[in-house]
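Biologist: Please take a close look at one part of this model, the aromatic pairing, and set it beside a few other sites. I would like the reasoning spelled out.

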Amino acid sequence: AYTDRNTRATMSEQSSEERLAEQRDNLRLLNQVMRHDIRNDLQLIGAYAELLEDHVDEEGRQYLDVIKEHTESAANLTTTARDLSQVMLEADVEVRAVSLANVLHQQVEELRSGYPEAVVTVEGTIPELEVAGNDMLGSVFRNLLQNAIQHNDEAPPEVTVSTVQTDDRVEIRVADNGPGIPEEQREDIFGRGEKGLESSGAGIGLYLVQSLVESYGGDVWIEDNTPKGSVFVVSLPTAE
């Protein structure tokens with residue numbers, strides 16, 4: 001009887017491992033679809049939207065702008081979903097020393113290139129130090145920076161990036177002049193509900209941010225900006 005129980009337990013463990021392996025294979029497939037098929041379709045839609053620029057009147061242009069805006073938003077969402085699936089596929093997150101200045105400057109420049117209408121400012125100097133992170137650290141700042149633009153109702157939208165360094169940690173602050181976030185919504189806005197991931201596209205990106213930052217031994221939270229808007233604060237340990 002003891003042997004039978006051991007055999008059943010072993011079979012159960014094998015079955016669980018097989019199910020987990022199948023789930024990971026399905027997630028890899030989803031990752032590939034997000035990265036290739038859907039992005040290709042979105043690029044085609046965007047290209048044809050550009051070709052229509054000279055063929056619509058003033059009233060049609062506003063509708064065309066909506067198409068272009070949402071096409072770009074969907075493309076950004078596929079990038080976030082790809083990054084999130086990559087995090088989920090990793091059994092253990094490898095944390096190593098990463099140059100904060102290199103990663104943050106790159107993401108700021110990409111934001112300026114992608115949103116030329118926005119005013120993006122780096123306040124002070126980003127310290128030349130290494131923080132706990134990995135190759136996904138850029139996704140943290142990309143999602144926070146894009147979020148500050150995409151959910152901003154001001155013209156022009158303004159984003160200010162600054163850093164505050166202490167002995168063993170550094171805070172990266174992404175401030176915007178948008179509508180702000182009520183205090184009672186700040187816990188839920190990172191997209192993780194009691195029943196799992198329940199959020200809009202923005203929530204998925206912020207859920208990825210929180211997941212990555214916490215895997216690095218850091219923290220992320222939201223503060224009020226002055227005179228209006230929000231400040232997303234990422235606190236990361238400096239590398240030893």
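Modeller: I begin with a site outside the pairing. Glu110 is partly exposed, because its relative accessibility is 40%, and that value lies between the cut-offs of 20% for buried and 50% for exposed. This is a predicted model. Glu110 belongs to helix α3, which covers residues 100-114. Gln146 is 36 residues away from Glu110 along the chain, and the C-alpha atoms of these two residues are 9.9 Å apart.

Now to the aromatic pairing. The structure contains 1 aromatic pair. Its members are Phe190 and Phe232, with ring centres 6.3 Å apart and planes at 80° to each other, an edge-to-face arrangement. Phe190 sits in the loop between β5 (169-176) and β6 (192-193), while Phe232 is in strand β9 (residues 230-237), so the pair ties together parts that are 42 residues apart in sequence. Phe190 has a relative accessible area of 5% and is therefore buried. Phe232 is also buried, because its relative accessibility is 2%. Buried here means under 20%.

A nonpolar patch on the surface gives another setting for side chains. Leu44, Tyr48 and Leu51 make up this patch, and together they have about 350 Å² of accessible area. Leu51 is part of helix α1, which spans residues 2-51. With a relative accessibility of 56%, Leu51 counts as exposed, because the cut-off for exposed is over 50%. To return to the pair, Phe190 is buried at 5% and Phe232 is buried at 2%, whereas Leu51 in the patch is exposed.

Technical notes. Residues are numbered from 1 along each chain as its sequence is written. This is a predicted model: local features need pLDDT of at least 70, side-chain atom pairs count only at pLDDT 80 or more; totals for chains, interfaces and linings use all residues. Side-chain values use heavy atoms; hydrogens and water are left out. Helices (H or I, at least four residues) and strands (E, at least two) are DSSP runs, numbered from the N terminus. Buried means under 20% relative accessible area, exposed over 50%, partly exposed in between (1.4 Å probe, protein chains only). Rings of Phe, Tyr and Trp (its six-membered ring) pair if their centres lie within 6.5 Å; planes under 30 degrees apart count as stacked, over 60 as edge-to-face and the rest as tilted. Patches are made of residues with over 30% relative accessible area and no salt bridge: like charges are joined within 9 Å, nonpolar side chains (Val, Leu, Ile, Met, Phe, Trp, Tyr) within 5 Å. Accessible areas come from the Shrake-Rupley method with a 1.4 Å probe; for residues, only the protein chains shown count as cover. A salt bridge is a side-chain nitrogen of Lys or Arg within 4 Å of a carboxyl oxygen of Asp or Glu.
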